[in-house]
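Got your viewer open? Set it to cartoon, keep the sequence panel handy, and follow along one selection at a time.

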Amino acid sequence: MSCFQITSLGAYLLGALDPAERSVFERHLNTCQVCREELIRLAPLPGLLGQVNLADLEQPFDDPDPYDNQPLPPLAVVRPLPEPEPKRSRRPLLLVGAGLVLVLLVLGGVFLPRAVEGDAVRAESPPTSSAPPPPTWSAMDGRTGVGASAAMVSHGWGTELRLRLTDVQPGLRCMVVLYAKTGTKEIGGWWGTSDTEGEVIPGSSSFAVDGIDHLEVVADQQVLVTIRPPA
């Protein structure tokens, strides 16, 4: 991880920033972990630079460079590249390819109608098998006048519900409660009745279909309709 402000760290350590720049950079140090760690690592740098004697840097080197006044090696001879071979004509290959295309077109004209005819026969034939529809539980409550049906779709995780209600008062907040044969119960879903006449209302439960005793559609702690499996 790096920081774009880290380039100002050397100037900060050497005191080369003006007061305004120094104040901005010090505020940045309070929030940047990267720059603080780099500051700790480079903190000895000003002290080390202070120990360097400028007079030592101005003295010439005592030992001459052994490579001074040495002749340069001769230049390598550049040989010309060989001329490329003339390209072979692609006319024979094009003729052969055109002949293959012609043969394929002739064969396609022979076999394509038969293949299309076979596909048409298969398309007209109805499927031999289809998945059976899920069992549907229905009920009508004589007291409230609410009707309901529930398609019970079985899954490995439990049961998917597809509810339909009729003659439900709008503006209610409903829920479906599932009662298992073991005596336990679960809430399978919540919905509002603003415009649900005939609409599919989804729900779910961890109970298996064969383990459910009955369902209740409840609104404001009042049972609107009880749905049981068909006898």
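Start by selecting β7 (212-219) and β8 (222-227): five bridges pair these two strands in the antiparallel sense. Strands here are DSSP runs (E, at least two residues), numbered from the N terminus, and two of them count as paired if DSSP finds at least two bridges between them. Show sticks on Ala219 and you'll find its bridge partner in β8, Gln222.

Before going further, a word on what you're looking at. This is a predicted model, where local features need pLDDT of at least 70 and side-chain atom pairs count only at pLDDT 80 or more, while totals for chains, interfaces and linings use all residues. Residues are numbered from 1 along each chain as its sequence is written, and side-chain values use heavy atoms, with hydrogens and water left out.

Now add β4 and β5 (residues 185-192) to the selection; seven bridges hold this antiparallel pair. Zoom to the turn: the two strands make a hairpin with four residues between them, and Gly183 there has a positive phi of about 105 degrees. Tyr179 has its bridge partner in β5, namely Lys185.

With those strands lit up, you have an open antiparallel sheet in the order β5-β4-β7-β8. β5 and β8 are the edges, each with a single partner strand, so one side of each has no neighbour in the sheet. From one strand to the next, the twist averages 25 degrees, with axes being lines fitted to C-alpha atoms and angles running from 0 to 180 degrees between N-to-C directions.

Next stop: the other four strands, in the order β1-β2-β3-β6, which make an open sheet with antiparallel pairing. At its edges sit β1 (136-140) and β6 (201-205), each pairing on one side only. Neighbouring strands are turned by 20 degrees against each other on average, direction ignored. Click on β3 and β6, joined by five bridges, then on Glu160, whose partner in β6 is Ser204.

Which residues touch the most other members of the largest nonpolar core? Select Met152, Trp191, Leu215, Leu224 and Ile227, from a core of 25 residues. Such a core is a set of buried Ala, Val, Leu, Ile, Met, Phe, Trp, Tyr and Cys residues joined through side-chain atoms within 4.5 Å, buried being under 20% relative accessible area with a 1.4 Å probe, protein chains only. β2, β3, β4, β7 and β8 each supply at least two of its residues.

Last selection: Cys3, Leu13, Phe25 and Val34, which are among the ten residues of a second, separate core.

Conventions: Buried < 20%, exposed > 50% of the residue type's maximum accessible area, 1.4 Å probe, protein only.
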